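Subject: Handing over the two-chain model

Hi,

Here is the structure I promised to pass on to you. Have a look at it first, and then read on for my notes.

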Amino acid sequence: MAENRKKWGIIAEFDNPAKLLEAAQAFKARGYRDFETWSPFPIHGMDDAMGLTGSKVPWITLCGGLTGLTIGLLLQWWSGSQEYPLIIGGKPLFTWQFAVPVTFELSILLSAFGTVFGMFALNKLPTPYHPLDNYPAFRRVTDDAFFLSVEVTDPIFDMEKVKALFAELGGKDITVVED
Amino acid sequence: MSDSDKIYQEDSIFPPPLVGGKHDFHSVTEAVCGIVESKLSLKWLIVIAFSSSVLLALFVAIGWLIWEGTGVWGINNPVGWGWAIVNFVFWVGIGHAGTLISAILFLFRQKWRTAINRFAEAMTIFAVMCALIFPGIHVGRIWAAYWMFPIPNQMGMWPNFRSPLLWDVFAVSTYFTVSLLFWYVGLIPDLATLRDRAKNKFAFWAYGMLALGWRGANRHWQNYERAYLLLAGLATPLVLSVHTIVSFDFAVSVIPGWHTTIFPPYFVAGAIFSGFAMVLTLAIPCRKWFHLEDFITVRHIENMNKIILVTGTMVGYAYAMEFFIAWYSASPYETYTFINRAFGPYDWAYWTMVSCNVITPQFFWSKKLRTNLTVTFILSIFVNIGMWFERFVITMSLHRDYIPSSWDYYRPTMWDALTFLGSFGLFFTLFTLFLKFLPAVAISEVKGVMPEADPHWEGYHHDDHHAEAHHG
């Protein structure tokens, strides 16, 4: 069975956040694209070191918020003045002032849904299986270990070159990971 | 007193470290996960047995209420809102400190919050659950409770969106949902830690499912951190709006003593005041019990005491201002309500409130007292009591309204008391379960504020970056 398994990529462990940051900068400088750093907490400056563009989460949040705003206003206008007109204290059936609290709450609620589920979608969560699960030492990534991996899908991927670069940057336990 | 507590007491111009003792990343994981992974202790079993028995009392009290009707409570004609609304506002208020710690302090980059935010957010969620029970069961005909929501129904009926009580339904349910999401998002990396350390299949599957396959990729952290920041930004106006809307329940009515514009800010300050007191009431015993002194340090306790001092003083100011406006309004009803609060049949409640809420926090001007854990714990209980009485005093404005012939005196029954007591059972049962089965301290966040987490930490650059490190 083992020979049928596809290679996923190669991974190395680094001593600390500083070494990992340095390594990420080196991989970016050499033009690698499909590499990823793995750490127990977000590392300051890593996004720039890897050359990542900004997160798209805020746009999803905005869409959620605008949806909430629209639903809030429409719901109160339609139910109170169209579907079930209810005269309260002789006031007009709909004014925006009384609709503010519910509209506000619904905007916040749907923004929060957009933020959380948008983040899940962008991160492709839930991901029950990942090739790195086949590399037992990787479990320490949620404790105190720092890793950098390069996938075979990278256009300039070359096993020996990556291994050499890992060794040069102080990468330890350099391992080829299979899918 | 632990070593890190002692270090704190020594005078230094530098702020003490956020994590006390000698810790590296791995020992932080061990310290927090150790609580979850250890065998059930006898102490824990006794606590859960006790709190779940009290929870049983809540089920009995609610069951009897639904069977018999709201007549089992002490509510009467002028006082239609008895302990149920008092308890509702009390519990919602307690929840607010959790959101303040998790969201507002996050936006202000107060890194000390990382040790207590998990804890405080859990408190928020459980407190809001307790709060939601009271208006839910106070409707009397509980099978009609769904009328509060805009659900299409066979009667073709829709809620009245002009009612502050309906705004409250939206505010509190949104608050609960957003708090839960915020808490869960914060938990994901730590659930992954528990999954990766799991010794048995069940723990691996349970934490693995909840962790959603989090593996700490930087591309994930990027979206995660942005989402967390946005949630903090959303939760901040939300928490202010929630207690504002809770205060509208009172302020939008035409009852003397309620119909005031000071209510929203006064309620929000009171909520934060009571919430921080509850955080302290819970944190002081827990840090000792679970040996978390290195994470929840005296610095954290002192900072919370400072917030209690500020918000307590604001609350005291609001009490004084209410009296001033009552006099200045020249409305005889308004003036009478306040004189009646302080010197009428409920004067005992009024002066309990004033002593607990206005006098108690003033002790925290003294550094000696606000860094003393025993004093802090005792004073926090007084604040909890005082803030419950504040809501009681406000609600009891109902007992003497415009027409003296309708005046009455409200007395709670045994069922009121049992329901309130039972809500503590629910709160402590959930909290005890949380302490045992989920990481009580945000592991990944605490690691993130340790000096070693910064790639530019001087320890990593002994030779070349000395000058730079001093600027940092």
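What radius of gyration does chain A have, and what would a compact globule of 179 residues have? Chain A comes out at 25 Å, whereas a compact globule of that many residues would be near 16 Å. Before going further, please keep in mind that this is a predicted model.

The overall dimensions of chain A are worth a look next. Along the principal axes, its C-alpha atoms fill a box of roughly 80 × 40 × 30 Å. The domain assignment divides chain A into domain 1, made of 2-53 + 148-178, and domain 2, covering 57-122. Taken over C-alpha atoms, the centres of these two domains of chain A are 45 Å apart. Buried residues account for 41% of the 179 residues in chain A. Of the contacts in chain A between residues at least 6 apart in sequence, 82% join residues at least 24 apart.

Now the fold of chain A. There are five helices and four strands in chain A, and along the sequence they follow the pattern β-α-β-α-α-α-β-α-β. How are the four strands ordered in the sheet? They form an open sheet of chain A in the order β2-β3-β1-β4, with antiparallel pairing. At the edges sit β2 and β4 (172-178) of chain A, each of which pairs on one side only. On average, neighbouring strands of this sheet are turned by 20° against each other, direction ignored.

Inside the sheet, β1 (residues 7-14) and β3 (residues 146-151) of chain A run antiparallel and are joined by six bridges. If you want a pair to click on, Ala12(A) has Leu148(A) in β3(A) as its bridge partner.

Two helices pack on this sheet. One of them, α1(A), touches β1, β2 and β3 of chain A, and its direction makes about 20° with that of β3(A). The other, α5 (residues 159-169) of chain A, touches β1, β3 and β4 of chain A, and its direction makes about 10° with that of β1(A).

Chain B has another make-up: 17 helices and zero strands. Its radius of gyration is 24 Å, close to the 23 Å that the globule rule gives for 472 residues, so chain B is as compact as a globular protein of that length. The C-alpha atoms of chain B fill a box of roughly 85 × 55 × 40 Å along the principal axes. In chain B, 49% of the 472 residues are buried. Among the chain B contacts with a separation of 6 or more, 81% come from residues 24 or more positions apart.

Finally, the interface. How many residues of chain A are in contact with chain B? The count is 57 residues of chain A, in contact with 52 residues of chain B. On the chain A side, at least two residues each are supplied by α1 (17-29), β2 (35-38), α2 (46-50), α3 (57-83) and α4 (96-122). The largest share of that side, 15 residues, comes from α4(A). By type, the residues of chain A that touch chain B divide into 34 nonpolar, 16 polar and seven charged.

Happy to go through any of this with you over a coffee.

Best wishes

How values were computed:
Residues are numbered from 1 along each chain as its sequence is written. Chains are lettered from A and ligands numbered from 1 in the order in which they are written. This is a predicted model: local features need pLDDT of at least 70, side-chain atom pairs count only at pLDDT 80 or more; totals for chains, interfaces and linings use all residues. Domain bounds come from an automatic or database domain assignment. Two residues are in contact if their C-beta atoms, placed from the backbone, lie within 7 Å. Ala, Val, Leu, Ile, Met, Phe, Trp, Tyr, Cys and Pro count as nonpolar, Asp, Glu, Lys and Arg as charged, and the others, Gly among them, as polar. The radius of gyration is taken over C-alpha atoms; the globule rule is 2.2 Å times the number of residues to the power 0.38. A residue is buried if 20 or more other C-beta atoms lie within 10 Å of its own, exposed if 12 or fewer, and partly exposed in between; C-beta atoms are placed from the backbone. Two strands pair if DSSP finds at least two bridges between them. Axes are lines fitted to C-alpha atoms, for helices over the stretch in contact, and angles run from 0 to 180 degrees between N-to-C directions.
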